[in-house]
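Got the structure open in your viewer? Here's a short tour, one selection at a time.

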Amino acid sequence: MVDALPPGQPVRRPPAEQTGFALQTRFGDADVRVLRNAILDKLRFSVGREPSSARDHDWYVATALAVRDRIIDRWLDSLSRSASTGRKHVYYFSLEFLIGRLFVDALSNLGVLGGIKDALAQLDVDFDRIRAAEADAALGNGGLGRLAACFMESMASLDLPAFGYGIRYDFGLFRQVLTDGWQHEIPEDWLSFGNPWEFERPDIAYPITFGGTVEEVREADGSVRHLWHPAETVNAVAFDTPIVGWRGARVNTLRLWSARAPDPLKLETFNLGDYVGAMADRLRVEAISRVLYPSDATPAGQELRLRQEFFFTSASLQDLIRRHRAQNRDIGQLPEHAAIQLNDTHPAIAVAELMRLLVDEHRVAWDEAWRITRGTLNYTNHTLMPEALETWPAALMERLLPRHMQIIYQLNWNHLREVAAGGTLSGDGIRRVSLIGEDGERRVRMGPLAFIGSRRVNGVSALHTELMRETVFADLHTLYPDRIVNKTNGVTFRRWLQQANPELTRLLVDAIGPAVLDNPDALSGIERVAQDPAFRERFVAVRRKNKERLAREIGERLGIAVDPGALFDVQIKRIHEYKRQHLNLLETAALYEAIKADPNRDWAPRVKIFAGKAASSYAVAKLIIKLAYDLAAVINNDPAMRGRLAVAFLPNYNVSLAEIIIPAADLSEQISTAGLEASGTGNMKLALNGALTIGTLDGANVEIRERVGPDNIAIFGLTAREVADRKLNPFHAREAIERSPRLAAVLANLRSGVYSPDDPGRFAGLADGLAHHDTFLVTDDFDAYWDAQRGLDRLWHQPDEWWTKSLANVGGVGWFSSDRTIREYAQEIWQVPIQ
């Protein structure tokens, strides 16, 4: 492909002690010897290996354990300080924590990376090889889990006392394997070699109960007490992982729960020869913490998901109440000492469970329990799609959580009575704010439950919050106009700049100063040097090096040779129709046809790079992956495309792969249907590393445009309000296709099997769906998207202008640090002072 990048010159690297992303401490020979000896001790006494026989993973474990010893002192000190000062704690409830690899994260934040590298070098051990031996922690799926991980790191960096609560999944989501382009899911066995960062806490375990009956007992004073007689008990056992803040400011705790059977083996059954039956109850119980997001396509799958959500929520609430009471505090003071953040609706059952614990277990009066609950809980909404706001069949809830259904019915009765008495809503409006959906099967609506049970409800971008008030929570917003607030998402720059892109970090520290390591706003200083020829030359060289690294990764994984000089056009996110990977693929097919029709035109060379997983039961998303694979097979094997266009779909997208792709991206695809992406954080990470964004006015794209300037982002397509208006026309897709011969031709090719000659009808349903049921307005936005892409083609041929815009993105996104987001949460939602 044509090399559009200016040739790079050797880059002068300043002394490592001054600028590297984790180079806060200069290590003398004596310090390095101490680290080296600590590693050797761990290798011998904890791993049980001699250096002569140690493998890469043995060295990784030994090094991690040596570093962990240095973390523990800070961890225990952080816990001690919190207990002695009585500071309010934040408890972050999330079904996902996509923390990725922790090795370099811990070394960097502790400031010992340079010393560890030197110590390993003295032992003739390759640091990069042992770094690669660490498995990605399979504890999340996408942006929701990665946001939780960023928040945990920022809370520690800001010295904010916090616990993260979730599930210790044995196999995580799944490992994505593509067989002839079709996604297959296999277990992600990330714990097969152990996890040196975690501490099992068998002494911290709580009973989690399901099913059974509820008995009403009248007390001597005439009050009624409810006794839940469960049919099943599961033990939740704690596993703690220390989360190190920047420069070791604080070490907080990520506490994950593992499901254990109270009776691991029915010995009598075993001795009768029924070996499988003896283990059946244990397997059923421990399925709770086996897999993230088990398919809910069956009733059993739905029940397992509900069991998971209640399991970790109940254990976490029991744990934090125990911690509160251990400080000799009255239960009524809980809101003054604890702020709970519910990350989406998955832990929304916390409203009913906290009420149950307060009323039934701690004998708190109902009204006082409701005051405590609403003063302690807060809820983050992550979606505007009604189908994504969880609801559960009332029959399932009544069978699995009978006491909670009684509480929910009582809460709903009180809530609707207050609404009716207030006179703000009536008739259909009252029905819309009910916690029980009565349209067809009766279902418990978890979004409204979380809303009425929380002190604050927040959106995650300015547009998302505005639309929350106008759409999914419009009626509740009318009733509680001060409850919804905005907290635009952010990302931790330590992971996504300093660790993922150390060369760029060194350059920024050289050019702007070391303040960029501690203050993201200091990135704005890039304006002072952006036009300096020497700085720009080094910037382009850094980008070229990152792209060469990604090109090698593509070659090794896929056997595809791509030129680092091409425009790397990147869309990396979970596969979903509203994220519109198929819009990108339709444009790719149209571009392919256009290049074939006019090969002498000065096309900008492109590599289209995709990565992301489809939910196991999401057939259309899996078909979109197959389309990417089939298009790649056609385009990459066409000699006429050499030097012009290539397509790469990288399987099994995870944090470690993102750390390779993001620093190398030239173009960031953020092309969701306007009004449906709550925020996005990939857009922030990519812009931070110098990618230009092509996107709709959706989620945080709106605020990125404000920060980097409208001339430095490529916005196209319908706005959220135009999307709503266009959907009123039942023929909008047909009319859009009629207006666009290019789109019509691509859809015709899909129907006729041009890109799937082995199965000509494979994509006919996808094409027909767009023509007749284009829910996400792919057809309406296609021409605008095509035009925006061709504008970027022209810009790529003006490298000075491209790099000016790229640098404007790096310098303009300091506001999107998760440190800023956490400060806002702490001040306005949690009411926890940051010291």
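We'll make three stops in this predicted model.

**Stop one: Glu353.** Start by selecting residues 350-361, which make up helix α12, and pick out Glu353 there. Is Glu353 buried or exposed? Its relative accessibility comes to 0%, so Glu353 is classed as buried, the cut-off being under 20%. Now show the side chain of Ser314 as well: a polar contact of 2.7 Å links it to the side chain of Glu353. To see what else is around, add Phe310, Leu317 and His404; together with Ser314, they are what Glu353 contacts once neighbours within four places in sequence are set aside.

**Stop two: Leu120.** Next, jump to helix α5, residues 113-122, and select Leu120. With a relative accessibility of 0%, Leu120 counts as buried. Which residues does Leu120 touch, if you skip those up to four places away in sequence? Light up Ile39, Thr63, Val125, Phe127 and Ile130 to see them. Then try a distance: from the C-alpha of Leu120 to the C-alpha of Val32 you should get 9.1 Å, although 88 residues separate the two in sequence.

**Stop three: a patch on the surface.** Finally, switch on the surface and select Leu265, Leu267, Phe270 and Tyr275. These residues form a nonpolar patch there, and their accessible area adds up to about 370 Å². Zoom in on Leu267, which belongs to helix α8 (residues 267-271). Leu267 has a relative accessible area of 51%, so it falls in the exposed class, which takes values over 50%.

Technical notes: Residues are numbered from 1 along each chain as its sequence is written. This is a predicted model: local features need pLDDT of at least 70, side-chain atom pairs count only at pLDDT 80 or more; totals for chains, interfaces and linings use all residues. Side-chain values use heavy atoms; hydrogens and water are left out. Helices (H or I, at least four residues) and strands (E, at least two) are DSSP runs, numbered from the N terminus. Buried means under 20% relative accessible area, exposed over 50%, partly exposed in between (1.4 Å probe, protein chains only). A polar contact is a pair of N or O atoms within 3.5 Å; within protein, one must be able to donate a hydrogen and the other to accept it, and residues adjacent in sequence count only if both atoms are side-chain atoms. Contact means heavy atoms within 4.5 Å. Patches are made of residues with over 30% relative accessible area and no salt bridge: like charges are joined within 9 Å, nonpolar side chains (Val, Leu, Ile, Met, Phe, Trp, Tyr) within 5 Å. Accessible areas come from the Shrake-Rupley method with a 1.4 Å probe; for residues, only the protein chains shown count as cover. A salt bridge is a side-chain nitrogen of Lys or Arg within 4 Å of a carboxyl oxygen of Asp or Glu.
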